[in-house]
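User: I'm new to this one, so could you walk me through it at an easy pace?
Analyst: Gladly; here it is, and we can take it topic by topic.

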Amino acid sequence: VWAADLGQVDPQDIWRKDRDHFVHPWTHFDSFKQDGSLVMDRAEGAYVTDISGKRYLDGIGGLWCVNAGYGRKEIVEAIAAQAMRMPFYNPFVDTTNVPAAELSAKLASLAPGDLNKVFYTCGGSTANDTAVRIAHYYHARRGKKSKMHVISRIDAYHGSTYLTGSITGRPGDRSPYLNFLDGWIHHVSSPNFYRSEKARQEDMSEAEFCDHLVQELEDKILEIGADNVACFFAEPIMGAGGVIVPPPGYHARTLEVCKRHDVLYISDEVVTAFGRLGHFFASKDVFGIEPDMIVTAKGLTSGYQPLGACIFSDRIYDAMSAPDPDGWFTNGYTYSGHPVACAAALANIALMERDDICGHVRKMGPYLEKKLNELLDLPIVGQVRGKHFMMCVENVADKATREHLPDAANIGKRISDHCERLGLIVRPLGALNVISPPLTLTEPQIDELVGILRKGIEAAMQDLRQEGLLKA
Ligand code: PLP
């Protein structure tokens, strides 16, 4: 019997085994070899406890995903019951399972418009990968095989398969030691008004910046040739790229451009779906658009099981499935529609509906935004941005010029280290600290989160003054 639950593990031994054998995502080897990782051990509600017994408020919901919070017996019991009844059976060709069928119908009922078809994957990256294959297949089946190119955006994050790692547009992810599929993937500007050099130089209003972005997308389609462009990828609010909320009207207008050029609009809702912005899906309910595809993962199971889904329109399906002897859609995974993962998603959605978690976010989201905005009185907090339970704080050396602190300040990490010491997990992303907590957070827990974050920022400022890296 595996002994972890019997209290027989030695924390140092686990730390060492991990450092010596587990190669983590996005590892910088210099620091990893030295520091290893903080071993997390158990979790309840909005709190996570490390192997030494220290408890933290989880300000990042695992990684934007534990939306329903930890310790949800309903989800755990659904997982156990399905695993006992039938842990797996293959989804290829002639067989399926009850949870996958039920979940598909449920997702079709929750997704906007005619997005009634669901393709399951193992997570967000593979769901985005699948979205591109669906786009290619759809165009080719309509005799438009040249529509192959993909347009994405600088600062976008769409995953880490070879394909989605190339569609991703965060400059920091472009390791000089990796290769990217650049020939047929293109990146237009990030919709980050606060950081746009062009908007600053040309003294644009946010509305003018939006005009510029929409025109840039259309110009890019025309440059590549509309007959060569398959799809456009957009997160409703960019997550890992820095919680970037686009200017008002951006999504509706870019969708209109895509429609005019027969370019499919893929809304990557891996982070924004399942309540984070107060609705099951944000595309229509928050941004007023009905995209051709919605990609989701993370909050779909609240992270209790790995599962991703590409939800697409009847119109696409009809073209894909028109009679054709060669009409095999040769894409899919052993674990597409995994019964245990689908059972977890069904239980997660049921409890979100029962407890009206989306309603809770619509109520508490503005409170979290208000409390975080109070941090703007600190000299290094340049901007607080995001919406509801998807927020970040951007730290600067000078609020007026928006100049960043020197790299040596390592400000995001420095703040998150202080917060960790004080009992809060926030995610460092360059000069930013990201906040994406479980959606169940109460008002006192929001006060706790923002109170510790304030202390963490103040402690970091203190360090920087001592090191001569901050004057204010
Ligand atoms: N798309 C977005 C917007 C994401 O934030 C992520 C992960 O953070 C992904 C895709 C990739 O999902 P996964 O890590 O489950 O493959």
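Analyst: One convention before we start: an angle between two axes counts as roughly parallel under 35 degrees, as roughly antiparallel over 145, as roughly perpendicular from 65 to 115, and as oblique for the rest. Please also keep in mind that this is a predicted model.

User: Okay, let's use that convention. At roughly what angle do H15 and H16 cross?
Analyst: The axes of helix H15 (residues 411-422) and helix H16 (residues 443-466) cross at roughly 125 degrees and come within 8 Å. H15 and H16 are therefore oblique to each other, and H15 passes H16 in a right-handed crossing.

User: And which residues in H15 and H16 meet there?
Analyst: From H15 the residues are Ile411, Arg414, Ile415, His418, Cys419 and Leu422, and they meet Ile452, Leu453, Lys455, Gly456, Ile457, Ala459, Ala460 and Asp463 in H16. Sorted by class, the contact of H15 with H16 holds 9 nonpolar, 2 polar and 3 charged residues.

User: What about H5 and H13, what is their crossing angle?
Analyst: Helix H5 (residues 98-110) and helix H13 (residues 339-354) cross at roughly 40 degrees, with axes that come within 8 Å. H5 and H13 are therefore oblique to each other, and the crossing of H5 and H13 is left-handed. On the H5 side the contact is made by Pro99, Ala100, Glu102, Leu103 and Lys106, while H13 brings Pro339, Cys342, Ala343, Ala345, Leu346 and Ile349. By class, that contact of H5 with H13 has 9 nonpolar residues, no polar ones and 2 charged ones.

User: One more pair, then: how far apart are the axes of H9 and H10?
Analyst: The axes of helix H9 (residues 206-224) and helix H10 (residues 250-260) are 10 Å apart, and the two helices pack at an angle of about 20 degrees. H9 and H10 are therefore roughly parallel to each other, and their crossing is right-handed. In this contact, Cys210, Leu213, Val214, Leu217 and Glu218 of H9 meet Tyr250, Arg253, Thr254 and Val257 of H10. The residues of the contact of H9 with H10 divide into 6 nonpolar, 1 polar and 2 charged.

User: Switching to sheets: which strands make up the one with antiparallel pairing?
Analyst: That is an open sheet of 4 strands, in the order S11-S12-S15-S14. S11 and strand S14 (427-429) each have a single partner strand and stand at the edges, so one side of each is left without a neighbour in the sheet. Direction ignored, neighbouring strands of this sheet are turned by 25 degrees against each other on average.

User: How many bridges pair S12 and S15?
Analyst: S12 and S15 pair over 4 bridges, in the antiparallel sense, and the bridge partner of Glu394 is Leu432 in S15.

User: Which helix lies across S11, S12 and S15?
Analyst: That is H14, which runs at about 10 degrees to S12.

User: And the sheet with mixed pairing, what order do its strands take?
Analyst: The order there is S1-S2-S3-S13, again in an open sheet of 4 strands. Strand S1 (40-44) and strand S13 (424-425) are the edge strands, and each pairs on one side only. S1 and strand S2 (residues 47-50) run antiparallel and are joined by 4 bridges, and Met40 stands opposite Asp50 in S2.

User: Zooming out, what does the domain assignment give?
Analyst: The assignment gives domain 1 (38-71 + 356-466) and domain 2 (74-354). The centres of domain 1 and domain 2, taken over C-alpha atoms, are separated by 27 Å. The contact takes 25 residues from domain 1 and 24 residues from domain 2.

User: Which elements each supply at least two residues of the side of domain 1 that touches domain 2?
Analyst: They are helix H3 (61-64), helix H14 (357-373), strand S11 (381-387), strand S12 (390-395) and strand S15 (432-435). H14 gives the largest share of that side of domain 1, 5 residues. By class, the side of domain 1 that touches domain 2 has 15 nonpolar, 7 polar and 3 charged residues.

Technical notes: Residues numbered from 1 in each chain as written. Predicted model: local features only at pLDDT ≥ 70, side-chain atom pairs only at ≥ 80, totals over all residues. Axes fitted to C-alpha atoms, helices over the stretch in contact; angles between N-to-C directions. Left-handed = near helix turned anticlockwise from the far one by under 90°. Contact = placed C-beta atoms within 7 Å. Nonpolar A, V, L, I, M, F, W, Y, C, P; charged D, E, K, R; others polar. Domains from an automatic or database assignment. Pairing = 2+ DSSP bridges.
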